[in-house]
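Me: I would like to go through this model with you, question by question. Could we begin with its interior and then turn to its surface?

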Amino acid sequence: MKQLLRAVQFLEVRKAGSIPWPRIGKYAVKKNMSLEELRENFANAGSGFFLDEGLQRTARLMAGPGEFRPAPYAGIPSLLDAPVRPMTDETLEQLQLALIGMPMDLGVTNRNGARFGPRALRVIERIGPHNEVLNIAPVHELEVADIGDVPFRSRFHLDKCHEDIEVFIARLVASGVMPFSVGGDHSISHPILRAVGKDAPVGMIHIDAHADTGGIYDEERFHHGAPFRNAVLEGVLDPRRTIQIGIRGSATFSYEFSHLAGMTVVECREVAQMGLPALIEKCRAVVGDGPTYLSFDVDSLDPAYAPGTGTPEPAGLTPHEVLTLLRGLVGVNVVGGDVVEVSPALDPGENTARNAAQVLLEMISLAAFSPSLKGERRA
């Protein structure tokens, strides 16, 4: 209930027009201090000292003893620098969110390498921990942990890998822990949805260059171009509460299923025409108040920003557009999400992995405002 109240208050402030986003400019501390006042307050202040109570709280959550913050290039790499914890009953009882690696790309139809995606995101440094727009440091304000990779029984059998994913995620869902997964190819979304939507179909906000509602391909039904057709046909994904954003490319003609099933499809060329505020409201209208899954394929971004992926499509979204869209979804009833299709061997400069990691941070930031969050945020 508190998460929902925070989200409502946040949205009301935005609608009022007084502060478009909760940024530094909203703080009530006196501005334009004199030189004497600045010297009095800050001459010998540490990096964790702030006059504003909100900033004090954020700094306190992020700092260790003596305002010490670990170097971003030191320590054991983990997703978003979250604590690393084993998948045990005790862990599941305590966690609110779980970050999971799914190093599997047996479902690709073009260039492979996404099996190394989780490792690539783990070594990306300096993503967060503070989300400056939503004013939250989710790894520090929620019970979040990197619980490792799904232990696949086989590196050769796609069907067994999907079974392993479903069992793994089902255990999290049964404990009330929201799963946020890093692929891997997009075929991982289908078994995740089978676990998340087991009791009732969920809605979805899907950002991608491709609708991934294709049919059987080279005698394989469960490839990375078909997870959402399969999820709809199995009754775990509600197509009328599903919106697909960023769709483009030569395969667009083949996504008849999306339209016939009742999905809302926003092609990439339409994003600029609609404008981001209208698109955000469209997303909210489509998913409503029901449980909603988030799925982000890094090929939704233009290859200039994300070349390291198996099926790049020119004329894509920008990171600014994706982040602005996600940040506008505060209060949506998020129940989990995934970030997929990062192929680090194709990623010069790590830009693809960095953008993907930032999206993962945005997803778990949204989870902090979700009515489905187990428990409360840290005080």
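Me: How many residues does the largest nonpolar core have?

Reply: This is a predicted model, and the count applies to its largest nonpolar core, inside which Leu-97, Leu-99, Phe-180, Ile-245 and Phe-296 have the most contacts. The number of residues in this core is 60.

Me: Which helix gives the most to this core?

Reply: The greatest contribution to the core is 10 residues. They come from the helix that spans residues 351-367, namely H14.

Me: Which residues of helix H14, if we leave aside close sequence neighbours, does Leu-99 touch?

Reply: With residues up to four places away in sequence not counted, the contacts of Leu-99 include Leu-79, Leu-80, Val-144 and Phe-180. Helix H14 covers residues 351-367, and the contacts of Leu-99 that fall in this range are Leu-360 and Ile-364.

Me: What is the volume of the largest pocket, and how does its lining divide?

Reply: The lining comprises 21 residues, with Pro-70, Leu-80, Asp-81, Pro-129 and His-140 lying nearest the centre of the pocket. These lining residues divide into 13 nonpolar, four polar and four charged, and the volume of the pocket is about 550 Å³.

Me: Why does Lys-282 count as partly exposed?

Reply: Lys-282 lies in helix H12 and touches Ile-243, Thr-264 and Met-274, residues up to four places away in sequence not being counted. Partly exposed covers the range between under 20% and over 50%, so Lys-282 belongs to this class because its relative accessibility is 38%.

Note on methods: Residues are numbered from 1 along each chain as its sequence is written. This is a predicted model: local features need pLDDT of at least 70, side-chain atom pairs count only at pLDDT 80 or more; totals for chains, interfaces and linings use all residues. Side-chain values use heavy atoms; hydrogens and water are left out. A nonpolar core is a set of buried Ala, Val, Leu, Ile, Met, Phe, Trp, Tyr and Cys residues joined through side-chain atoms within 4.5 Å. Buried means under 20% relative accessible area, exposed over 50%, partly exposed in between (1.4 Å probe, protein chains only). Helices (H or I, at least four residues) and strands (E, at least two) are DSSP runs, numbered from the N terminus. Contact means heavy atoms within 4.5 Å. On a 1 Å grid over the protein atoms alone, a cavity is a set of points where a 1.4 Å probe fits but cannot get out, and a pocket is an open set with protein on both sides within 12 Å along at least five of seven lines; lining residues have an atom within 4 Å of a point. Grid points are joined across faces, edges and corners, and a volume is the space filled by probe spheres set on the points. Ala, Val, Leu, Ile, Met, Phe, Trp, Tyr, Cys and Pro count as nonpolar, Asp, Glu, Lys and Arg as charged, and the others, Gly among them, as polar.
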